[in-house]
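Trainee: I am new to this one, and I would like a close look at a single part. Please take me through any enclosed space inside the protein, and through what surrounds that space.

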Amino acid sequence: MFMVLCSSNSTQALLLNLASPLDSLSPRRNYASNSVTKVVGVGTKRVRKWNMAVNKSGENNSVTTTTTHFDDNNVVDLASNVVRNFYDGINSHDVDSVQYLIAENCVYEDLVFPSPFVGRKEIIEFFKKFTDSTSIDLQFVIDDLSTEDSSSVGVIWHLEWKGKAFPFSKGWSFYRLEVINGKRQITYGRDSVEPAIKPGDATLAVIKSVTWLLQRFPQLADRL
């Protein structure tokens, strides 16, 4: 008896020669495949069900075999892992190691600065200046990080100095990611950090005053 297994996604075939003198005494078995492909994690899991018909007894049995196949060209890091690796590189002051995590045309906004940083080169230069101006003892600590979305990640973090909370260092970040040339990369980022000066209720008074002016003088909205 010969059994041929063929994959629907390739031309590979496995030919098994199972002939033996006992074949003439065994009931004839016919195999028919019913393949189902499922995406599992970052690879592909292919489940193949073989329906085995036994002619002699008339009984139909089935055997399910599961094969996990990973195509290296389709394996990409999870978005949350990319962001974690990014923070690891900053904490270790090895900015060059995270260049591949940042897209060539990435836009990064740190709300402390008046304008965003545009492009991988400009962003890397900024983080090199940041690491050069701080001690490796000052570390980002991730408090919470979203993991469900494959295209965006939110992070809540704070800074610590040798394991102790650093003052006025609580912050949050948002990242948008895309798969580019087989690698998931950061295409947009925004950081917002806790202000050193906290005006409290005075902030509400300022908002109230500005909205009153806009309502009274609508033309001022063009200057916003």
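Mentor: Happy to, and one term will help us first: two strands count as paired if DSSP finds at least two bridges between them. Strands β9 and β10 (residues 164-165) are a case of this, running antiparallel with two bridges joining them. In that pair, W161 sits opposite K164 of β10. The two strands make a hairpin with two residues between them, where K162 has a positive phi near 50 degrees. Please keep in mind that what you see is a predicted model.

Now for the wider setting. The protein has 224 residues, of which 25% are buried, and its secondary structure consists of three helices and twelve strands. If you take the contacts between residues at least 6 apart in sequence, 40% of them join residues at least 24 apart.

On to the enclosed space. A probe the size of a water molecule, rolled over the atoms, shows where empty space is left. Here there are two cavities of 30 Å³ or more, and the largest has a volume of about 60 Å³. Its lining is made up of F86, I102, C106, Y108, I123, F127, Y175, I186, Y188 and G189. Nine of these lining residues are nonpolar, one is polar and none is charged. Three elements each give at least two residues to the lining: β6 (102-110), α2 (120-132) and β12 (183-193).

Let us follow β12, since it takes part in that lining. Eight of the eleven residues of β12 are buried, so the strand is largely enclosed by the rest of the structure. With β6 it runs parallel, joined by five bridges, and V107 has Y188 of β12 as its bridge partner. With β11 (residues 171-180), β12 pairs in the antiparallel sense over ten bridges. There, I180 stands opposite K183. β11 and β12 form a hairpin with two residues between them, and N181 in the turn has a positive phi of about 55 degrees.

One residue of β12 to look at is T187. Buried means under 20% relative accessible area, and T187 counts as buried because its relative accessibility is 17%. Beyond its neighbours within four places in sequence, T187 contacts A103, N105, C106, V107, R176, L177, E178 and I180.

Next, look at Y108, a lining residue of the largest cavity that belongs to strand β6. Its relative accessibility is 4%, so Y108 is buried as well. Setting aside neighbours within four places in sequence, Y108 is in contact with P116, F117, I123, F126, F127, G189 and D191. Its C-alpha atom is 8.2 Å from that of G119, a residue eleven places away along the chain.

F86 is another residue of the lining. Apart from residues up to four places away in sequence, F86 touches V98, L101, I102, F127, Y175 and I186. F86 also belongs to the largest nonpolar core, which has 28 residues; together with Y87, F127, V155 and Y175, it touches the most other members. The elements that give two or more residues to this core are α1, β6, α2, β8, β9 (152-161) and β11. Of these, α1 contributes the most, with six residues.

What of the second largest cavity? It holds about 30 Å³ of space, and its lining consists of I90, N91, H93, F130, T134, L138, F140 and L159. Two or more of its lining residues come from each of α1 (79-91) and β8 (138-145). By class, five of the lining residues are nonpolar, three are polar and none is charged.

Two residues of that lining, F140 and L159, also face each other as strand partners, with L159 in β9. Their strands, β8 and β9, pair in the antiparallel sense over seven bridges and form a hairpin with six residues between them. β9 is also antiparallel to β11, over six bridges, and W157 stands opposite G171 of β11. Seven of the ten residues of β9 are buried, so this strand too is largely enclosed by the rest of the structure.

Conventions: Residues are numbered from 1 along each chain as its sequence is written. This is a predicted model: local features need pLDDT of at least 70, side-chain atom pairs count only at pLDDT 80 or more; totals for chains, interfaces and linings use all residues. Side-chain values use heavy atoms; hydrogens and water are left out. On a 1 Å grid over the protein atoms alone, a cavity is a set of points where a 1.4 Å probe fits but cannot get out, and a pocket is an open set with protein on both sides within 12 Å along at least five of seven lines; lining residues have an atom within 4 Å of a point. Grid points are joined across faces, edges and corners, and a volume is the space filled by probe spheres set on the points. Helices (H or I, at least four residues) and strands (E, at least two) are DSSP runs, numbered from the N terminus. Ala, Val, Leu, Ile, Met, Phe, Trp, Tyr, Cys and Pro count as nonpolar, Asp, Glu, Lys and Arg as charged, and the others, Gly among them, as polar. Buried means under 20% relative accessible area, exposed over 50%, partly exposed in between (1.4 Å probe, protein chains only). Contact means heavy atoms within 4.5 Å. A nonpolar core is a set of buried Ala, Val, Leu, Ile, Met, Phe, Trp, Tyr and Cys residues joined through side-chain atoms within 4.5 Å.
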